[in-house]
Amino acid sequence: MDIYEAIKKRYSCRDYSSKPIEQEKLDRILEAARLAPSAKNLQDWRFVIVTDEKKRQELAIAANEQLFITTAPAIIVGCSNSEHTMRCGQKIAPIDLAIAMEHIALAATAEGLATCWIGSFFPGKIHTLLDIPEKIEIIELMAIGYPADKEVRRPRENIKTIVCYEKWQF
Ligand SMILES: Cc1cc2nc3c(=O)[nH]c(=O)nc-3n(C[C@H](O)[C@H](O)[C@H](O)COP(=O)(O)O)c2cc1C
């Protein structure tokens with residue numbers, strides 16, 4: 001599958017099959033995260049893969065009780081150790097982590113899997129559940145697995161609404 005196909009095919013899946021993810025597939029998907037760009041090439045991201053059923057249930061509760069998450073055979077907990085801020089004033093951690101997580105989402109799509117970004121969660125509960133040190137920031141979670149729902153295309157703005165050339169023309 002080429003990159004444009006994967007971009008078009010990816011959607012947020014909120015119901016997963018119980019079929020486990022083959023380790024070779026997961027390895028290839030995580031390799032896509034490893035190869036992602038990062039500011040100053042710091043690569044200060046860390047990914048905790050949670051497959052244990054009880055822990056997945058706890059994660060779903062910590063994720064604002066989004067119980068569909070428990071149907072996913074794996075949940076990727078995206079963390080960062082970086083306190084750096086770029087000269088532009090933006091924090092590196094969420095940007096780098098988001099790039100790596102989207103590499104994961106697109107690679108997963110290319111492997112016939114589906115994903116869902118999870119930003120609605122209470123980090124404190126997850127720190128305790130997974131023994132993540134306090135100084136490590138939990139930036140995003142991602143549910144991943146074989147989809148049990150139907151692929152959907154959710155609406156997007158028209159390109160002219162979001163892009164202009166040469167100067168601000170919105
Ligand atoms: C940073 C971020 C956080 C998100 N958090 C959640 C979430 O907590 N729960 C959820 O069901 N979907 C979450 N989503 C998925 C969005 O709702 C979804 O991407 C959007 O509605 C567009 O739908 P699509 O991904 O199917 O194209 C999140 C997406 C992003 C990028």
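These are my notes on the ligand site and one surface patch in a predicted model.

**Ligand shell.** I looked up which residues surround the ligand and found 14 of them. Those that come nearest are Ser12, Arg14, Gln66, Arg154 and Arg156. I then sorted the shell by residue type: five residues are nonpolar, four are polar and five are charged. I also asked which element gives the most residues to this shell. Strand E3, residues 114-118, does, with three.

**Polar contacts.** I went through side chains that place an N or O atom by a ligand oxygen. For serine 12 I noted a distance of 2.6 Å between an N or O atom of the side chain and an oxygen atom of the ligand. Arginine 156 also has a side-chain N or O atom by a ligand oxygen, at 2.8 Å. For arginine 10, I noted 3.0 Å from a polar side-chain atom to an oxygen atom of the ligand. I next looked up how much of the ligand the protein covers: the ligand taken alone exposes 620 Å², and 66% of that is buried by the protein.

**Surface patch.** I turned to nonpolar side chains on the surface. Ile159, Ile162, Val163 and Tyr165 make up a nonpolar patch there. Together these four have about 440 Å² of accessible area.

I picked isoleucine 159 from the patch and checked its place, which is in helix H6, residues 159-162. Is isoleucine 159 buried or exposed? I entered isoleucine 159 as exposed because its relative accessibility is 57%, and the cut-off for exposed is over 50%.

How values were computed:
Residues are numbered from 1 along each chain as its sequence is written. This is a predicted model: local features need pLDDT of at least 70, side-chain atom pairs count only at pLDDT 80 or more; totals for chains, interfaces and linings use all residues. Side-chain values use heavy atoms; hydrogens and water are left out. A residue is near a molecule or strand if one of its heavy atoms lies within 4 Å of it. A polar contact is a pair of N or O atoms within 3.5 Å; within protein, one must be able to donate a hydrogen and the other to accept it, and residues adjacent in sequence count only if both atoms are side-chain atoms. Accessible areas come from the Shrake-Rupley method with a 1.4 Å probe; for residues, only the protein chains shown count as cover. Helices (H or I, at least four residues) and strands (E, at least two) are DSSP runs, numbered from the N terminus. Ala, Val, Leu, Ile, Met, Phe, Trp, Tyr, Cys and Pro count as nonpolar, Asp, Glu, Lys and Arg as charged, and the others, Gly among them, as polar. Patches are made of residues with over 30% relative accessible area and no salt bridge: like charges are joined within 9 Å, nonpolar side chains (Val, Leu, Ile, Met, Phe, Trp, Tyr) within 5 Å. Buried means under 20% relative accessible area, exposed over 50%, partly exposed in between (1.4 Å probe, protein chains only).
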